[in-house]
2 protein chains.
Amino acid sequence: MLSPEQSSISQEMEKFIIHCKQAGLKVTHQRTIIYRELLQRPDHPAAETIHKRITKEVPSISLDTVYRTLATLEQHGLVKRIQTAESQARFEAAIFPHHHLICSACKDVMDIVWPEFDQIELPASIHDWGAISSKNAVMYGVCTNCQARC
Amino acid sequence: MLSPEQSSISQEMEKFIIHCKQAGLKVTHQRTIIYRELLQRPDHPAAETIHKRITKEVPSISLDTVYRTLATLEQHGLVKRIQTAESQARFEAAIFPHHHLICSACKDVMDIVWPEFDQIELPASIHDWGAISSKNAVMYGVCTNCQARC
DNA sequence: TTGACTGCAAACGATTTGCAATTGC
DNA sequence: GCAATTGCAAATCGTTTGCAGTCAA
């Protein structure tokens, strides 16, 4: 979820620490590791996946802490929860605006930037409904890997 | 989920029956009731909500049948599952293409049609990824009711 | 008649919670 | 030192499943 030409992981980690402190969140070892894990890989892991990966670094970390941390960071806008068709939720570091491609076969989620969509105006009818804070596009399809496999 | 000027509930129910028969699905009482319930109200009920509502008509229907029916109808494209930020899945009859407005406060889901988005071209970079079968916009915000309440 | 469908009850997986011990500030 | 955070274990919630009886075709 990091675009390397824009900033480095360590830069993002610094921002993360500042964000936490401003929000009154303690910068614990667990939170740091979980957030760094999300930055390091461009995929969209489930809580359980994150847990498996980081137990190599911190063997004592518990799965409930991963869940709790993700929920806390989500509340503070540092992490985004991605709704997929699967039962497990998936997560990503909330760094730059983008949209999602989901493969119906392998369930993999891919990021895309789509400035044309970001710029498009909302339908006028929305104004009566309320105030929009975010708009997001989700596309379903079959990725080339899975197409080849069939 | 029905746009009244386009067709009536009974017309949609006829289509539903034809669809089922073509797909080799038996037109059972339970399936009929569940689908009609989805047509009758423009909201996006969870399986449990559907079950509560229809027990007034068919007291013996079980919650697992509702789940099973929704899954079956989803597989056949007659029903759509909506991913929200909540833990429960929500459902709607799959009748015409539209997008969703979700209120972050009351979690209510509203349908909107948005032809400008439907017509917009996908980013060229997608073609390398695979074949897209659907694209959908989801907007989060706070509805006027909830704004007034705060 | 017969296989598809249903209701029941029990299992399941993902996530949440209460509590005591621990840790960052 | 103290409140926030963690790890543990147990609970909860939404959903799924095996099985025997039932029903649409």
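These legends go with a set of close-up views of a predicted model with protein chains A and B and DNA strands C and D. Local features are kept only at pLDDT of at least 70 and side-chain atom pairs only at pLDDT 80 or more, while totals for chains, interfaces and linings use all residues. Residues are numbered from 1 along each chain as its sequence is written, chains are lettered from A and ligands numbered from 1 in the order in which they are written, and side-chain values use heavy atoms, with hydrogens and water left out.

**View 1. Chain A from end to end.** Chain A has 6 helices and 5 strands, counting DSSP runs numbered from the N terminus (H or I, at least four residues, for helices; E, at least two, for strands). Reading from the N terminus, the order is α-α-α-α-β-β-β-β-α-β-α. Its C-alpha atoms fill a box of roughly 45 × 45 × 30 Å along the principal axes. Of the 150 residues, 42% count as buried, meaning under 20% relative accessible area with a 1.4 Å probe and protein chains only. Take the contacts (heavy atoms within 4.5 Å) between residues at least 6 apart in sequence: 50% of them join residues at least 24 apart.

**View 2. The surface and charges of chain A.** About 8,200 Å² of chain A is exposed, and carbon and sulfur atoms supply 51% of that; the area comes from the Shrake-Rupley method with a 1.4 Å probe. The 16 positive and 17 negative charges have mean positions 8 Å apart. Lys and Arg are the positives here, Asp and Glu the negatives, with His and the chain ends not counted. Each charge is placed at NZ of Lys, CZ of Arg, CG of Asp or CD of Glu.

**View 3. Around DNA strand C.** This strand has 20 residues around it, the closest being A:Tyr67, B:Thr28, B:Gln30, B:Arg31 and B:Thr65; a residue is near when one of its heavy atoms lies within 4 Å. Sugar and phosphate make up 66% of the strand C atoms that come within 4 Å of the protein. Helix H4 (63-75) of chain A, plus H2 (29-40) and H4 (63-75) of chain B, each bring at least two residues to the surface near this strand. Base nitrogens of strand C sit 3.3 Å from a polar side-chain atom of A:Lys26 and 3.1 Å from a side-chain N or O atom of B:Arg68. On the phosphate side, an oxygen is 3.1 Å from a polar backbone atom of A:Val27.

**View 4. Around DNA strand D.** Here 21 residues surround the strand, and the closest are A:Thr28, A:Gln30, A:Arg31, A:Thr65 and B:Tyr67. Of the strand D atoms within 4 Å of the protein, 68% belong to sugar or phosphate and the rest to bases. H4 of chain B gives the largest share of the nearby surface, 4 residues. Phosphate oxygens of strand D lie 2.7 Å from a side-chain N or O atom of A:Thr28 and 3.3 Å from a polar backbone atom of A:Lys26. Over in chain B, a polar side-chain atom of B:Lys26 is 3.5 Å from a base nitrogen.

**View 5. B:Glu37 and its partners.** B:Glu37 is found in helix H2 of chain B, and it counts as buried because its relative accessibility is 7%. Its side chain makes polar contacts with the side chains of B:Arg53 (3.1 Å) and B:Arg41 (3.4 Å). A polar contact is a pair of N or O atoms within 3.5 Å; within protein, one must be able to donate a hydrogen and the other to accept it, and residues adjacent in sequence count only if both atoms are side-chain atoms. Leaving out residues up to four places away in sequence, B:Glu37 touches B:Ile50, B:Arg53 and B:Ile54.

Note on methods
Buried means under 20% relative accessible area, exposed over 50%, partly exposed in between (1.4 Å probe, protein chains only).
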